[in-house]
Amino acid sequence: WWWIMMFRKDNDIHRDKVQLLYYRYQQEDSSLYLKEYDNLLHEKERRKWMIIGEGATFLILMVFGIYRLRSTVLEEVDVADKQRNFLLSITHELKSPLASAKLNLQTLNKRALSSDQQKLLLYNTESDVTRLNDLVEKILLASRIGHDNMHIHKEEVNFSELIEDCIDATKNRNPQIQLNIDLTNSVWLYGDEVLLKSLVLNLLENAVKYAPKSTPIGISLNKVQDMAVLDVCDEGKTIPDSEKVKIFDRFYRMGSEDTRTTTGVGLGLYIVQQVSIMHHGKVKIIDKKNNGKIFRIEIPYIGAI
């Protein structure tokens with residue numbers, strides 16, 4: 001509408017100038033009239049392109065503003081969804097073990113139980129407390145990783161032995177799992193042992209969580225060129241390509257907390273990626289041919305750096 005109004009106004013101005021020119025030169029030399037008329041035509045052409053340029057600039061700015069506004073709104077919606085999912089998941093993750101531990105202690109206090117029953121309730125309570133402790137440690141670690149001034153204590157670490165320790169810890173928590181293990185001995189990294197252990201434990205926890213119960217989980221460690229390559233594979237559902245970047249965001253989990261059946265708060269894979277980056281490595285997600293996926297960690301080993 002601005003364009004239309006400007007062109008109409010410009011045409012009116014041009015018509016008035018032509019009329020004035022005609023009245024001025026109707027009794028004089030016609031060559032001067034033609035010259036001035038050509039000048040008016042050139043002036044009109046310049047104004048036309050000036051209007052087009054200004055209108056195009058306004059249009060581009062408006063489109064850019066709409067795009068930025070849309071992006072900002074979508075980002076705010078995404079943040080709100082993450083916050084909602086995080087609050088729902090953290091509430092569930094905190095209340096479930098607390099309620100279970102409270103019930104176990106109340107049962108021990110109010111009922112006369114056999115020794116075996118007492119041991120079972122105490123074991124379950126200890127498992128609930130361990131689950132809570134792991135959750136708190138994961139949240140604290142994710143909070144520390146988010147700060148640029150985080151101190152990393154790097155030293156020579158036997159990555160092979162560290163993975164074996166993590167496998168033993170995972171077996172103790174999940175006695176029913178099947179593991180196919182193929183580790184190259186004496187693969188040494190220069191890194192933070194605590195962070196590397198958290199990386200491996202979170203990868204194993206993720207595989208246990210999403211792999212079907214009757215299927216094995218594969219764990220392998222090899223040296224490929226100048227990298228120590230850790231593969232953790234499972235037979236669970238593959239991850240859509242559109243989600244393969246998002247799942248490494250802090251607090252992000254696929255789906256909705258209203259219908260989710262798996263536990264977690266969306267920090268495990270975030271920690272895995274950040275710890276890998278801190279050790280000059282990277283994380284890859286590889287789809288298996290038949291079904292399942294492979295989480296591959298590549299970190300330079302000592303001697304290749």
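**Exercise 1. Packing of α4 and α5**

Task: In this predicted model, determine how the axes of helix α4 (residues 159-173) and helix α5 (residues 193-210) are arranged, and characterise the contact of α4 with α5 by residue class.

Solution.

Step 1. Two packed helices are described by the angle between their axes and the distance between the axes.

Step 2. For α4 and α5, the axes come within 9 Å and cross at roughly 45°. An angle from 35 to 65 degrees falls outside the roughly parallel and roughly perpendicular ranges, and α4 is therefore oblique to α5.

Step 3. The crossing in which α4 passes α5 is right-handed.

Step 4. On the α4 side, the contact is made by Phe-159, Leu-162, Ile-163, Cys-166, Ile-167, Ala-169 and Thr-170. Helix α5 contributes Glu-193, Leu-196, Lys-197, Val-200, Leu-201, Leu-204 and Val-208.

Step 5. Classified by type, the residues of this contact comprise 11 nonpolar, 1 polar and 2 charged.

**Exercise 2. The environment of Asp-234**

Task: Establish whether Asp-234 is buried or exposed, and identify which groups its side chain reaches through Gly-236 and Lys-293.

Solution.

Step 1. Asp-234 is located in strand β5 (residues 227-234).

Step 2. The relative accessible area of Asp-234 is 1%. Buried means under 20%, so Asp-234 is buried.

Step 3. At 2.8 Å, the side chain of Asp-234 reaches the backbone nitrogen of Gly-236. The side chains of Asp-234 and Lys-293 are joined by a polar contact of 2.9 Å.

Step 4. Leaving aside residues up to four places away in sequence, Asp-234 touches Ala-207, Ala-211, Pro-216, Lys-288, Asn-291, Gly-292 and Lys-293.

Key: Residues are numbered from 1 along each chain as its sequence is written. This is a predicted model: local features need pLDDT of at least 70, side-chain atom pairs count only at pLDDT 80 or more; totals for chains, interfaces and linings use all residues. Side-chain values use heavy atoms; hydrogens and water are left out. Axes are lines fitted to C-alpha atoms, for helices over the stretch in contact, and angles run from 0 to 180 degrees between N-to-C directions. Helices (H or I, at least four residues) and strands (E, at least two) are DSSP runs, numbered from the N terminus. Angles under 35 degrees count as roughly parallel, over 145 as roughly antiparallel, 65 to 115 as roughly perpendicular and the rest as oblique. A crossing is left-handed if the near helix is turned anticlockwise from the far one by less than a right angle, and right-handed if clockwise. Contact means heavy atoms within 4.5 Å. Ala, Val, Leu, Ile, Met, Phe, Trp, Tyr, Cys and Pro count as nonpolar, Asp, Glu, Lys and Arg as charged, and the others, Gly among them, as polar. Buried means under 20% relative accessible area, exposed over 50%, partly exposed in between (1.4 Å probe, protein chains only). A polar contact is a pair of N or O atoms within 3.5 Å; within protein, one must be able to donate a hydrogen and the other to accept it, and residues adjacent in sequence count only if both atoms are side-chain atoms.
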